[in-house]
Amino acid sequence: GIPCTVTGITSWSITNLSLISGTNTIIVTATDTSNNIGTDTITITYSPASKPTVTTNPATNITTNSATLNAIVNANNASTTAYFQYGTTSGTYTNTTPNQTITGSSSTAVSANLTGILSSGTTYYFRIAATNSSGTSYGTEQLFTTNQAPDTTPPTGSITINSNAVSTNTTSVTLNLSATDAIGVTGYYVSESGVIPVATAVGWTTITSTTNYAANASFTLSST
């Protein structure tokens, strides 16, 4: 106890009481000059703050250039600032979403919309981060890949024969092929016809997708 002497009606304050986590009972006992004793009791529930508890959830609403990042955050009884970190390299997060404030001691769903700012056909890595007076917590990393945008631009390329020869005296030639495409060249079709073949036509040569392709191919010219 902390003894003190007062007269009449008074009030006082006591500081620096050490509370334990959970229920604390504080009893105030007063006595007078006639040795009469009175008591008063208060009960205090102490829930000390701790670092936030966080879980990174999978991304949703994924399109060619947008996605929604999701997580669960428990502020653990301290005002908490939560945000997402994300980037295109695992473990390296070059971008963050705006801060969100979380309070209380219950699990709270947190999300952030990345609208129109992502690249198509790209894998992104992200995690939730949350900070309060007790420290910072990071969620485990999640990843998602944006949808590939429709490819409407045809490849560009060139063709020569026999290492840029301008003529030949034989029907057997070597075609020097090259092509580029931002998404990837996946095949070529060789013909003496002026008609462009459809993608499902028989005769295409399939290659491993590459943005820059160069190769030589043997070809026999018609004798006419």
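Student: What pattern does the chain follow when read along the sequence?

Tutor: Read that way, the chain goes β-β-β-β-β-β-β-β-β-β-β-β-β-β. Here helices (H or I, at least four residues) and strands (E, at least two) are DSSP runs, numbered from the N terminus. Before we go on: this is a predicted model, where local features need pLDDT of at least 70, side-chain atom pairs count only at pLDDT 80 or more, and totals for chains, interfaces and linings use all residues. Residues are numbered from 1 along each chain as its sequence is written, and side-chain values use heavy atoms, with hydrogens and water left out.

Student: How do you know that the chain is more spread out than a compact globule?

Tutor: Compare two values. The radius of gyration, taken over C-alpha atoms, is set against the globule rule, 2.2 Å times the number of residues to the power 0.38. For 224 residues the rule gives 17 Å, but the chain has 37 Å, so the chain is more spread out than a compact globule. The C-alpha atoms fill a box of roughly 135 × 25 × 20 Å along the principal axes.

Student: Why is W12 called partly exposed?

Tutor: Buried means under 20% relative accessible area, exposed over 50%, and partly exposed in between (1.4 Å probe, protein chains only). W12 has 42%, so it is partly exposed. You will find W12 in the segment before strand 1 (22-31).

Student: And N164, buried or exposed?

Tutor: The relative accessibility of N164 is 58%, so N164 counts as exposed. N164 sits in the loop between strand 12 and strand 13.

Student: What makes the phi of N164 worth a look?

Tutor: Most residues other than glycine have a negative phi. N164 is not a glycine, yet its phi is positive, about 70 degrees. N162 is not a glycine either, and has a positive phi of about 45 degrees. N162 lies in the loop between strand 12 (156-161) and strand 13 (172-188). With a relative accessible area of 29%, N162 is partly exposed.

Student: How do you know that strand 9 and strand 10 pair?

Tutor: Two strands pair if DSSP finds at least two bridges between them. Four bridges join strand 9 (residues 123-132) to strand 10, so they pair, and they run antiparallel. One bridge partner is S137 in strand 10, matched with A130. The two strands form a hairpin with two residues between them.

Student: Which residues of strand 10 are on its covered face?

Tutor: In strand 10 (residues 135-138), G135 and S137 are on the covered face, while T136 and Y138 are on the uncovered one.
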